[in-house]
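Subject: Structure for you to look at

Hi,

Here is the structure I promised to send over. Have a look at it first, and then read on for what turned up.

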Amino acid sequence: MKYSVLTLLFCIAASVGHTQDSLNIFAFGNSLIDHRPPLNPTPSDETTIAHWLRLLAIADSKELGMGGQYGFLPQHQNVPPISQWGYDIVPGVWESDTETFSASLINTILLTGANFIQYQGPDQPYFNEPDITPLPATRTIFDWVAQQKPSASLYLYESWPDMASFLNNDFPPTSAAWADYQAYTAQGYHDWWLTYQDSLAISRPNLTIRMIPVGPVLTLLQQGILRDSLTAADWYE
């Protein structure tokens, strides 16, 4: 499947509900959504997705709040979650110590899985937790959310893959390794996420589950308009 930057950016804008005046997001996430403390400190929450979504919303005269919980799918499936994330410029959406999930402001769910499990299908058990697989864990989370917040929008956040297998115990990667990593992000890694989303859609036809292809978009930018201006060390740490 081929993409254009313009098409993908349009799809992302559409998928996150750009026609809504207010998004209140809760993320079942990990450090690929909320990354801190970074190796290279920043003066604000610039290494979190919430920071930039808030600024994009303000630029479009919209409101956006966000919160979330750290973990991977085996931990996230132990619902209800707790609200662990707070930001300097992003309003919160839920005080889990004092109110229920159903009573919160949340109207959008963002969920991501680990980025190092794509060597096997999403229907296969975790190597260290043989009784848990990504698909049933995700269904448990989304089923619970649908009970608590029936009208909430559900999104899968396709991150970017772990780079370790492309490095020879050294960072940044060589030019060849960098090219291989980008190719894997756009192809094999992305295919895993497509299978994951399709399987969820088939098993939960009553739910609308959209996917935001962050990794492939990054690859398009890395290979395209930003090829000569940013290195691997600028993109990752």
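Let's start with Pro150, which is exposed, with a relative accessible area of 66%. One thing to keep in mind from here on is that this is a predicted model. You'll find Pro150 in the loop between helix 4 and strand 4 (153-158). If you want a distance to try in your viewer, take Pro150 and Ser104: they are 46 residues apart along the chain, and their C-alpha atoms are separated by 13 Å.

Next, the salt bridges. How many does a search of the whole structure find? The search comes up with five, and I'll walk you through some of them.

Asp143 pairs with Arg204, and the closest N and O atoms of that salt bridge are 2.8 Å apart. Asp143 sits in helix 4 (residues 134-148), while Arg204 belongs to the loop between helix 6 (188-203) and strand 5 (209-213), so this pair ties together parts that are 61 residues apart in sequence. Both ends count as partly exposed: Asp143 has 27% relative accessibility, and Arg204 has a relative accessible area of 22%.

There is also a network here: salt bridges that share partners join Asp34, Arg36 and Asp45. Within this network, Asp45 forms a salt bridge with Arg36, and the closest N and O atoms are 3.6 Å apart. Is Asp45 buried or exposed? Asp45 counts as buried, because its relative accessibility is 13% and the cut-off for buried is under 20%. Its partner Arg36, at 32% relative accessibility, counts as partly exposed.

Another salt bridge links Glu63 and Arg54, with the closest N and O atoms 3.2 Å apart. In this pair the Arg is the buried end, as Arg54 has a relative accessible area of 13%. Glu63 is partly exposed, with a relative accessible area of 46%.

On the surface, Trp52, Leu55, Ile58 and Ile89 make a nonpolar patch of about 350 Å². One of these, Leu55, lies in helix 2 (residues 49-59). Leu55 is partly exposed at a relative accessible area of 36%; a residue needs over 30% to be part of a patch, so Leu55 passes that cut-off.

Now for the inside. The count comes to one cavity of 30 Å³ or more, and the space in the largest cavity is about 30 Å³. Which residues line the largest cavity? They are Trp160, Tyr181, Gln182, Thr185, Gly215, Leu218, Thr219, Gln222 and Tyr236. Two helices, helix 5 (175-186) and helix 7 (214-223), each supply at least two residues of this lining. Helix 7 gives the most, with four residues. Sorted by class, the lining of the largest cavity has five polar residues, four nonpolar ones and no charged ones.

If you'd like some places to click on, here is a short list:

- Asp143 and Arg204, for the salt bridge with its closest N and O atoms 2.8 Å apart
- Asp34, Arg36 and Asp45, for the salt-bridge network
- Trp52, Leu55, Ile58 and Ile89, for the nonpolar surface patch
- Helix 7, for the four residues it gives to the lining of the largest cavity

Cheers

Definitions and conventions. Residues numbered from 1 in each chain as written. Predicted model: local features only at pLDDT ≥ 70, side-chain atom pairs only at ≥ 80, totals over all residues. Heavy atoms only, no water. 1 Å grid on protein atoms, 1.4 Å probe; cavity = no way out; pocket = protein on both sides within 12 Å on 5 of 7 lines; lining within 4 Å. Points joined across faces, edges and corners; volume = space filled by probe spheres on them. Nonpolar A, V, L, I, M, F, W, Y, C, P; charged D, E, K, R; others polar. Patch = residues over 30% accessible without salt bridge, like charges linked within 9 Å, V, L, I, M, F, W, Y side chains within 5 Å. Areas by Shrake-Rupley, 256 points an atom, 1.4 Å probe, with all protein chains shown as cover. Salt bridge = Lys/Arg side-chain N within 4 Å of Asp/Glu carboxyl O. Buried < 20%, exposed > 50% of the residue type's maximum accessible area, 1.4 Å probe, protein only.
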